[in-house]
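Hi there,

Here is the structure I promised to pass on to you. Please open it next to this message, and my notes will follow below.

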Amino acid sequence: MTKTTTTEDPYADIRDAVRDLCARFPDEYHRKVDEKRGYPAEFVDALTQAGWMATLIPEQYGGSGLGLAEASVVMEEINRSGGNSGACHGQMYNMNTLLRHGSEQQKQFYLPRIASGEWRLQSMGVTEPTTGTDTTKIKTTAVKKGDKYVVNGQKVWISRVQHSDWMILLARTTPLAEVTKKSEGMSIFMVDLREAEKTGMTVRPIPNMVNHETNELFFENLEIPAENLIGEEGKGFRYILDGLNAERTLIAAECIGDGYWFIDRVTKYVKERVVFGRPIGQNQGVQFPIAEAHIEVEAANLMRWEACRLFDAHQPCGAQANMAKYLAAKASWEAANACIQFHGGFGFANEYDVERKFRETRLYQVAPISTNLILSYVAEHVLGLPRSF
Ligand SMILES: Cc1cc2nc3c(=O)[nH]c(=O)nc-3n(C[C@H](O)[C@H](O)[C@H](O)COP(=O)(O)OP(=O)(O)OC[C@H]3O[C@@H](n4cnc5c(N)ncnc54)[C@H](O)[C@@H]3O)c2cc1C
């Protein structure tokens, strides 16, 4: 494996343990799941049984009580092993929303069951087809009627719904026209997915470029118990932003895992592949893009640790989480391009796994937040430039 410049790794124990588990699921396993467009159930179960999916759950609720930094190591190692955290990362970032804003009663109800693996909390429903990134304009509504909220509307690209028991749903509880700030008046709810499918939620899978289970959701008078509201009504957007910072940082770690995977693979390949009587890796035209990608992955890694540090210290980390995600997604994409390029034709053969990882890492330029929207955030919220929307 490529040596990183970090000499002391405080997370070496976690890394080693996750690597050992991942080694039981070699390339062929992930390749077959991808070919079948299946779900890596055995892999996710093994991670759950070993306690890794409960990394962020406090010990008193049956988890390990670790921070985002440790959770990010788990995600990084999955991707670095050749797997795809996209099958299970939802639980990690959704967890923070519940942990930081759920009531004690809610935590006691959900967390031990999630920690034990009885339930999965893998889904988060934010994006809508007609509003896209402009989240404050969402049209899905939740109207309080007695001890229930009645939900109507539509979501798109909602992942892992078929492999999760619960989803955190963002809906408008006060119309946009009646709030003073557009970020107010939205609320988040725990939705029991299997129950919802029977009573007012329709799921339509979206076949896509990556083996990523994602769906359109239609809500027609779906009733959610009022006790499933997380935190205070109307403050859901603020709560979800906390979760989004965790999500961005974890995705950054996944991209870093991908980046190292691509660099490991291509470095090995170009040392062995002989063309014109010498290893192709002896040509500087081959060396430099690989070296450049390595530098970028290493730099992104530093920003990822800074985002983790701030998040775990409960300090504002929006800028760092966004910048880490931006740098890491860009670096893993550069590494992916170098890797496929210098594998020549073999990069396109399924059995090399490069094309699969190439597709997987490309997603992170667009989701969960697109590169342009990160640039816009930094321009306006960090540099104070005039708002463009
Ligand atoms: C495989 C997959 C899984 C996903 N899983 C989930 C999930 O589980 N839950 C969930 O809620 N969402 C999920 N998403 C949705 C994802 O977060 C969105 O696709 C993403 O945020 C972009 O939103 P959009 O697709 O509506 O693009 P749009 O908002 O329509 O934007 C399209 C493009 O235009 C650019 N653009 C838009 N406005 C501007 C602007 N003002 N300035 C510059 N550029 C701009 C964007 O950067 C983007 O590249 C998933 C998406 C995919 C593809």
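Below is what I found, going from the overall layout to single residues.

Please keep in mind that this is a predicted model.

**Overall layout**

The protein chain splits into three parts: domain 1 (12-116), domain 2 (123-234) and domain 3 (238-382). Between domain 2 and domain 3, the C-alpha centres are 31 Å apart. Their contact uses 10 residues of domain 2 and 8 residues of domain 3. On the domain 2 side of that contact you will find 6 nonpolar residues, 4 polar ones and no charged ones.

UniProt has annotations to set beside this, each from an unreviewed entry. Residues 13-118 are listed there as "domain: Acyl-CoA dehydrogenase/oxidase N-terminal". In the model, that stretch is 65% helix and 0% strand, with its end C-alpha atoms 26 Å apart. The record then gives "domain: Acyl-CoA oxidase/dehydrogenase middle" for residues 123-221. Here the chain is 7% helix and 47% strand, and 20 Å separate the end C-alpha atoms. Finally, UniProt places "domain: Acyl-CoA dehydrogenase/oxidase C-terminal" at residues 234-367. That stretch is 75% helix and 3% strand, and its end C-alpha atoms lie 25 Å apart.

**Around the ligand**

The ligand is surrounded by 23 residues, and the closest of them are V126, G132, T133, S370 and N372. Strand 1 (123-125), strand 3 (148-159) and helix 12 (371-382) are the elements that each give two or more residues to this shell. What is the make-up of the shell by class? There are 11 nonpolar and 12 polar residues, and no charged residues. Both domain 2 (123-234) and domain 3 (238-382) supply at least three residues to the shell.

**The strands**

Strand 4 (residues 166-172) is a good place to look next, as 7 of its 7 residues are buried. Side chains in a regular strand alternate between the two faces of the sheet. In strand 4, W166, I168, L170 and R172 point one way, while M167, L169 and A171 point the other way. The residues on both sides are all buried.

Which way do the neighbours of strand 4 run, parallel or antiparallel? Strand 1 runs parallel to strand 4, and 3 bridges join the two. Within this pairing, M124 has I168 of strand 4 as its bridge partner. Strand 5 (residues 186-192) runs antiparallel to strand 4, with 7 bridges between them. There, R172 is found opposite M186 of strand 5.

Strand 3, which we met in the ligand shell, also pairs with strand 2 (residues 141-145). This pairing is antiparallel and has 5 bridges. In it, T141 stands across from N152 of strand 3. Strand 2 and strand 3 form a hairpin with 2 residues between the strands, and G146 has a positive phi there, near 65 degrees.

**Helix 11**

Back among the helices, helix 11 (residues 354-362) has V354, R356, K357, F358, E360 and T361 as its buried residues. Which elements do they pack against? Their partners are helix 2 (27-36), helix 8 (236-272) and helix 10 (318-342).

**Two alanines**

I also looked at two single positions. A69 sits in helix 4 (residues 68-80). Why does A69 count as partly exposed? A residue needs 20 or more C-beta neighbours within 10 Å to be buried and 12 or fewer to be exposed, and A69 is partly exposed because it has 19 inside 10 Å. Leaving aside residues up to four places away in sequence, A69 touches C308 and D312. A69 and L56 are 13 residues apart in sequence, and their C-alpha atoms are 9.8 Å apart in space.

A17 belongs to helix 1 (residues 12-23). A17 has 16 C-beta neighbours inside 10 Å, so A17 is partly exposed as well. From A17 to S103 the chain runs 86 residues, and the C-alpha atoms of the two are separated by 33 Å.

Happy browsing, and best wishes!

Technical notes
Residues numbered from 1 in each chain as written. Predicted model: local features only at pLDDT ≥ 70, side-chain atom pairs only at ≥ 80, totals over all residues. UniProt positions renumbered as here; feature names shortened; annotations may be inferred. Helix = DSSP H or I, 4+ residues; strand = E, 2+ residues; numbered from the N terminus. Contact = placed C-beta atoms within 7 Å. Near = placed C-beta within 6 Å. Nonpolar A, V, L, I, M, F, W, Y, C, P; charged D, E, K, R; others polar. Domains from an automatic or database assignment. Pairing = 2+ DSSP bridges.
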